[in-house]
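Biologist: Please take a close look at one part of this model, the largest cavity. Which residues line it, and where do they sit in the chain?

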Amino acid sequence: MGTVLNHGTQEPIPGVTISVVGKNRGVITDIEGHFELSLDKGEKIKLSYLGYKDKTFIFKEDTVVNIFMIPVDIALEEAVVTSKKNINDIDTRQATGAIVSLEAEKISFRPTPNFIESLQGQVAGLRIKADGELGKPLQIRIRGNSTLPIKSKESVEEDAYTLGNTLNQPLFVLDGVIITAEAFSTLNINDIKTIKVLKDATASSLYGVKASNGVVEITSKRGINGATQYVFSMQQGLTLRGTPAVNTMETDEKLEFERFSENPETPGYKYSEKYIRKKNHKASNIDELISKGKKNLDSLKKINVNWFKELTRISLYQSYNLSMQGGDLKNKFYVSGNFISQDGKIQGNDIQRLTARFNYEHQLSSKIYIMFNSGAGLSNHNSPNSSGYSPTDLVYSLNPYEQKDKGILISYTGKKFNQLMNQFSRNNDDTRFNFSGNINIDITRNLHLSSVVGIDYLITESLSIVPPSSYSEIRDIPEAYKYTRGTAIKSKRMYTNYTTNTRMNYDKKMGRHVISLSANTDYYKNKDNLVGIKGHGLPSKLLSGAGINNGLKRRRRAQTSSHNLANAVLGIGVSALYTWNNKVEFYAAYKKDASSLLPKDKRWNSFWSAGIGYTVKKTDLRFGDDDLLNTLKLRFSFGKTASLAGITPSLAVPTFSYETNTYRGLRGFSLVDLFNEDLRPEENTSMNFGIDLHFLKTINLTTEFYRRRTEQMLLTVPIPPSNGFLQQLRNVGVMDNEGVEMNLNITMIKTPVFHWNLSYNLSYNRNVVINLYEGNTLSLSGNPYPDYEEGKPFDLIYALENGGIDPSDGTPRFIRKGGNEK
């Protein structure tokens, strides 16, 4: 038994490979640098670890030994810098903050085109929700929602979904540069080295107003010092249909249900003897009519279509990745290319993506190191779903006795199957590019300067088509105006994010005392440029934007839309970490941000956080001959942040635009939205208590308890139409968000050639509306019940109590408030 220590700092070194010279056996040191190895007197062992000089040790009679390894930069006459950290890697936050680091290669084998989906189940408190449509933005939440979702009679479901995501999703940072959620989802997981999830205010406070919902930091792969390595990998797989959300009736059961329901529009009752006798009680050929009805029912009973199997399909996934990395002491590079293709469960839903990455590093001198990171991607996504239509709904609305190639449907009177299946199509083409330049300067031995400048650029081109032959167009547009049927919506949207971040760090060790100080300034600017057109009257053979009939008038006239929005945030911040004897840690940070989204008198806002940690490394608890508890660490943090997510300039400051209509050749000039001069950022106050346990040398258990209060919640609420507008963004109330998270990691087997590790995590989150500023309820969507209510969860569902099925007529019954039945 022994311990491997750093020759200079006397600190333990985990992960050192120890092998017996001349024999095929060995071990690896644990997190405390300890190892156990059965040796005979005089046997020789060899110790190897990256960044340290190899060491050979001859075992004597001592049963416990301390072995000291010399770092490479001390062994050489002149220190050689072989690697520099990305500006994301601020180790001082780890002391007291709620941060989870994940190696990307652990999840790179998951067959999914969306990188975000690979994180599902990997981090406690990180919730990723998908609705099943391939390519649709996912809901990403760190420790639940921080503000109320949008609910409005005027808002389109799809727009409300997108805005709700923007309000509550975390900040995404790639190699120090802020990127959009859309760009994040298209990253190639094979290009990523590590992912950090920052959960509490202490961990993310230096990002200021941009990071109230947490942060996901991504560090891409970099070159290596050595011979060039080439890696080719491929994945292919099938996604099965799964099971339907609801079990549907088979033909016999459905026809019998129709007979009991006595709806003459349905064949189960229409062809029944009871209905025929009732309608034709005076007919002389009543027996013939009854016989004919029975034949119709018998022919229907021979048909039993499973629409779930008919409309869904087994989908294929394939991925091909090629990369190479190499370099020497001064230059390192990483280059990769990736292609992904996947089909959705519904015909017309698929995605293809091509990405590339090039990262380069160069050591200018012993004190200056530069890095360049760049990536690009092309993506194509097709979908048959819109906010008001989804082919999946047909699984549950079509009758089992209908066939898709047998003429007119019964479920949709007078319509054919192909009219229902081809009601909508959308094609999205995305072009993405990102670049960042980093410089690291060692000004002195203890003073370091890091700076990053970067850009993230995304162009999305979309074409949505409702063909003139679709069921919805035929239903809504009379035959006399059939030349106006068909809708095309074409848009081009450009997102540009500019990021600069400069950080000065000072580290000093004085015996048992370690001090780390940091000061930073950052600037972030986002630009959103949109141009679009919507028109009608499409020829059946020209289903594109070029087919729009620009001569139509009134509600079917062609309409254009555009905007060019920009906002910027400037921030300055400081942080400090004090550590005593590797046991007591105290961290504090302060940030001040100015946002262009707010009026001048409310532009600057302050954020702060503080945390303390205490570590116990040795206890008297024993398990046999071993320590039961190897390490115990307690962490507590408290902080305040703010959020401006979802706010556009027109909602906060006077913003004007030209109207599309003209009068005598002149265009009107009016307010875009009714702005709110009293608008304040959302204020988030969070508390976190964490316990880190390492016991029996193989088990790590982390438990977090947290509570976050959001005050001045922002929400678009209805206002009297006499204002000239229907809604306005206001501060509406207070919400609490609290929960617990646990993560368990067990090392089952760890040898130089085999490593078996098990991980488990769970989380519980609860949101409650604490206070509404203008009453104890808030109604937005026009429903008879409130959308939000004090003392209740924000996602509370109001419904009548189920009273079962009435056996006399087969209709569902519900129990109202007070016990009345309907």
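Modeller: Start with charge. The protein chain carries 101 positive and 86 negative side chains. The centres of these two sets lie 4 Å apart. Keep in mind that this is a predicted model.

Next, the setting. The chain has 822 residues, and 44% of them count as buried. Its secondary structure comes to 13 helices and 41 strands. The C-alpha atoms fill a box of roughly 115 × 70 × 60 Å along the principal axes. About 42,600 Å² of the chain is exposed, with 55% of that supplied by carbon and sulfur atoms.

Now look inside. Rolling a probe the size of a water molecule over the atoms shows where empty space is left. For this chain, the count is seven cavities of 30 Å³ or more. The largest cavity has a volume of about 130 Å³. Its lining is made of 16 residues. Closest to the centre are Lys199, Asp200, Ala201, Ser686 and Arg708.

Three elements each give at least two residues to this lining. One is the helix α4, residues 201-204. The others are the strands β32, residues 682-695, and β33, residues 699-711. Find Ala201 in the list of central residues, then find 201 again at the start of α4. Ser686 is in that list too, and its number falls within β32. Arg708 is also listed, and its number falls within β33.

That leads back to the whole chain. Take contacts between residues at least 6 apart in sequence. Of these, 65% join residues at least 24 apart.

How values were computed: Residues numbered from 1 in each chain as written. Predicted model: local features only at pLDDT ≥ 70, side-chain atom pairs only at ≥ 80, totals over all residues. Heavy atoms only, no water. Helix = DSSP H or I, 4+ residues; strand = E, 2+ residues; numbered from the N terminus. Buried < 20%, exposed > 50% of the residue type's maximum accessible area, 1.4 Å probe, protein only. Contact = heavy atoms within 4.5 Å. Areas by Shrake-Rupley, 256 points an atom, 1.4 Å probe, with all protein chains shown as cover. Lys, Arg positive; Asp, Glu negative; His and termini not counted. Charge placed at Lys NZ, Arg CZ, Asp CG, Glu CD. 1 Å grid on protein atoms, 1.4 Å probe; cavity = no way out; pocket = protein on both sides within 12 Å on 5 of 7 lines; lining within 4 Å. Points joined across faces, edges and corners; volume = space filled by probe spheres on them.
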